[in-house]
Amino acid sequence: FEARSAPPPYPTAGCYGSGGRSAQTGFLEGSDLVRGPDGSFEIAVSRERREGNWLPMAADTSSLIVRQTFLDKASECAAELRIERVSGDGLPTPTTAARFVEGLMCAARLVWGASMMFASWSQDFAQRPNELPRFDPEKSLGAHGDPNIAYYHGYWSLAPDEALVVEAKPPECPHWNFQIDNVWMESLDYRYHRVALNKRDAVLRPDGSVRVVVAHEDPGHPNWLRTVGHRHGTMCWRWVRAEEHPQPRTRVAKLADVRAESERERS
């Protein structure tokens, strides 16, 4: 859980496209929450300090983000969350012409700003295709990144007969994952195609390392991620709450060679 804000003249900061510095005004890790006997919890989001689970706000805090991490969405249940205003008279703030205009401007900034931000990042990644360098942590936090996650972003581009091989040795951590996206940094269609893997479903090698293959066609590898008809796009590797952050290694190889390597490993 985190609350975010930014300085004027963007009072609705905390959303993409606000134009200001998106600052975190409070942060809570799920494992640190005080819970009841049944696992339930309550969080106070306010400017005044509260006992128990407290998420600080500032005068210009304008958004609340909740992140849930899943290892197996098919069997894990999402948390049931409810938000309630507990102060004041319980009535919404009366709408004025000025507030209505500001709301429209905020929505416009979100649409324009988010599109431009991710397009700009994608263009930057494309300068080093098929690599996964560590993403600037400060830049990540300024765009609602989780401070407990080390991000590695890149741009992939493959010919029909090529494959991208990504290798790493996962450190001790509660979660890690790798996914391939389109040029807007949106996940490809995970409902029908395998476009991501994580700590639970990845097949590790005997030494604890993992090899992932991104390709248009099945290379016969257990960790194959399908490009779903895209010739290029973006990608992201995450280490979540890890004490070490090993650099993922990448290489482009011919699909036939990767298929032969996979056959040798299985034999």
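In this predicted model, a good place to begin is His-245, which sits in the loop that links strand E12 (232-240) with strand E13 (249-254). His-245 has a relative accessibility of 34% and therefore counts as partly exposed, since that class lies between the buried limit of under 20% and the exposed limit of over 50%. Leaving aside residues up to four places away in sequence, His-245 is in contact with Arg-134, Ala-150, Tyr-152 and Trp-239. Another residue to look at from here is Ile-149: 96 residues separate His-245 and Ile-149 in sequence, while their C-alpha atoms are 9.6 Å apart in space.

The loop holding His-245 leads to strand E13 (249-254), and E13 belongs to an open sheet of 4 strands. The strand order in this sheet is E11-E10-E7-E13, and the pairing is mixed. Strand E11 (224-226) and E13 form the edges, each of them pairing on one side only. On average, neighbouring strands of the sheet are turned by 25 degrees against each other, direction ignored.

Within the sheet, strand E7 (residues 162-168) and strand E10 (residues 210-215) run antiparallel and are joined by 6 bridges. One of the residue pairs to look for is Ala-168, whose bridge partner in E10 is Val-210. In general, the strands of a sheet pair through backbone hydrogen bonds, in either a parallel or an antiparallel way.

A helix completes this part of the picture. Helix H3 (residues 255-266) lies across E7, E10 and E13. Relative to E13, helix H3 runs at about 110 degrees.

Definitions and conventions. Residues are numbered from 1 along each chain as its sequence is written. This is a predicted model: local features need pLDDT of at least 70, side-chain atom pairs count only at pLDDT 80 or more; totals for chains, interfaces and linings use all residues. Side-chain values use heavy atoms; hydrogens and water are left out. Helices (H or I, at least four residues) and strands (E, at least two) are DSSP runs, numbered from the N terminus. Buried means under 20% relative accessible area, exposed over 50%, partly exposed in between (1.4 Å probe, protein chains only). Contact means heavy atoms within 4.5 Å. Two strands pair if DSSP finds at least two bridges between them. Axes are lines fitted to C-alpha atoms, for helices over the stretch in contact, and angles run from 0 to 180 degrees between N-to-C directions.
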